[in-house]
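Thanks for coming. I will go through one chain today, starting with the helix and ending with a few single residues.

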Amino acid sequence: VTGASFVVFNGALKTSSGFLAKSSIVEDGLMVQITRETMENLRQALRDKKDFKITCGKMDAGDVKEYVDICWVENEEKTNKG
């Protein structure tokens with residue numbers, strides 16, 4: 001689990017790169033590089049207020065994967081107020 005002050009979603013990752021998605025720490029935030037298709041799906045999930053999971057890593061990496069989970073919560077008091 002990584003805490004971040006901000007998240008940047010970059011929809012310019014090429015399918016030919018061999019990655020499903022890539023995540024990296026940038027200053028005190030998180031940058032997630034995703035494909036155009038994943039960006040469209042993420043935008044729709046945000047509009048619909050639905051949870052969304054982005055699988056990061058190489059396409060052929062097997063079981064070793066990282067995930068970026070976007071989760072909607074009912075009670076905001078239990079989340080990080082920072």
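Let me start with helix 1, residues 36-47, which lies across strand 1, strand 4 and strand 5. Helix 1 runs at about 160° to strand 4. Before I go further, please keep in mind that this is a predicted model.

Now the overall layout. The chain has one helix and five strands. Read from the N terminus, the order of elements is β-β-β-α-β-β.

Next, the sheet. The five strands form an open sheet in the order 1-3-2-4-5, and the pairing is mixed. Which strands stand at the edges? They are strand 1, residues 7-10, and strand 5; each has a single partner strand, so one side of each is left without a neighbour in the sheet. From one strand to the next, the twist averages 35°.

As a reminder, strands of a sheet pair through backbone hydrogen bonds, and they do so either parallel or antiparallel. Here is how that goes in this chain. Strand 1 pairs with strand 3, residues 29-33, in the parallel sense, over four bridges. Within that pair, Phe9 has Val32 of strand 3 as its bridge partner. Strand 2, residues 19-26, runs antiparallel to strand 4, residues 52-58, and two bridges join them. Ala21 is bridged there to Gly57 in strand 4. On to the pair formed by strand 4 and strand 5, residues 66-70: this one is antiparallel, with five bridges. In it, Ile54 stands opposite Val68 of strand 5.

Now the interior. How much of the chain is buried? Of the 82 residues, 21% are. The largest nonpolar core has twelve residues. Ala21, Leu30, Val32 and Ile34 belong to it, along with Met39, Leu42 and Ala45, and then Phe52, Ile54, Cys56, Val68 and Ile70. At least two residues of this core come from each of strand 3, helix 1, strand 4 and strand 5. Several names from the bridge pairs come back here: Ala21, Val32, Ile54 and Val68 are among the core residues.

Take Ile34 as one member of that core. Setting aside neighbours within four places in sequence, what does Ile34 contact? The list is Asn10, Gly11, Ala12, Leu13, Ala21, Met39, Leu42 and Ile54.

Thr38 is another residue to look at, and it is found in helix 1. Buried or exposed? Thr38 has a relative accessibility of 19%, and the cut-off for buried is under 20%, so Thr38 counts as buried. Leaving out residues up to four places away in sequence, Thr38 touches Phe52 and Ile54. Phe52 and Ile54 both appear in the nonpolar core.

On contacts across the whole chain: among those between residues at least 6 apart in sequence, 39% join residues at least 24 apart. As for the outside, the chain exposes about 6,500 Å², and 48% of that is supplied by carbon and sulfur atoms.

Then the cysteines. A disulfide is a covalent bond between the sulfur atoms of two cysteines. How many disulfides are there in this model? The count is zero, taking a pair of cysteine sulfur atoms within 2.5 Å as the rule. Cys56 is buried, at 2% relative accessibility, whereas Cys71 is exposed, at 51%.

Last, three residues outside the helix and strands. Ser5 sits in the segment before strand 1. Ser5 is exposed, with 57% relative accessibility. Ser5 and Asp28 are 23 residues apart along the chain, and their C-alpha atoms are separated by 5.9 Å. Not counting residues up to four places away in sequence, Ser5 touches Asp28 and Gly29.

Glu27 is in the loop between strand 2 and strand 3. Its phi is near 50°, which is a positive value in a residue other than glycine. Glu27 is exposed, at 73% relative accessibility.

Lys49 also has a positive phi, near 55°, and is likewise a residue other than glycine. Lys49 belongs to the loop between helix 1 and strand 4. Its relative accessible area is 59%, and Lys49 counts as exposed.

That is what I have; I will take questions now.

Definitions and conventions
Residues numbered from 1 in each chain as written. Predicted model: local features only at pLDDT ≥ 70, side-chain atom pairs only at ≥ 80, totals over all residues. Heavy atoms only, no water. Pairing = 2+ DSSP bridges. Axes fitted to C-alpha atoms, helices over the stretch in contact; angles between N-to-C directions. Contact = heavy atoms within 4.5 Å. Buried < 20%, exposed > 50% of the residue type's maximum accessible area, 1.4 Å probe, protein only. Areas by Shrake-Rupley, 256 points an atom, 1.4 Å probe, with all protein chains shown as cover. Core = buried A, V, L, I, M, F, W, Y, C linked by side-chain atoms within 4.5 Å.
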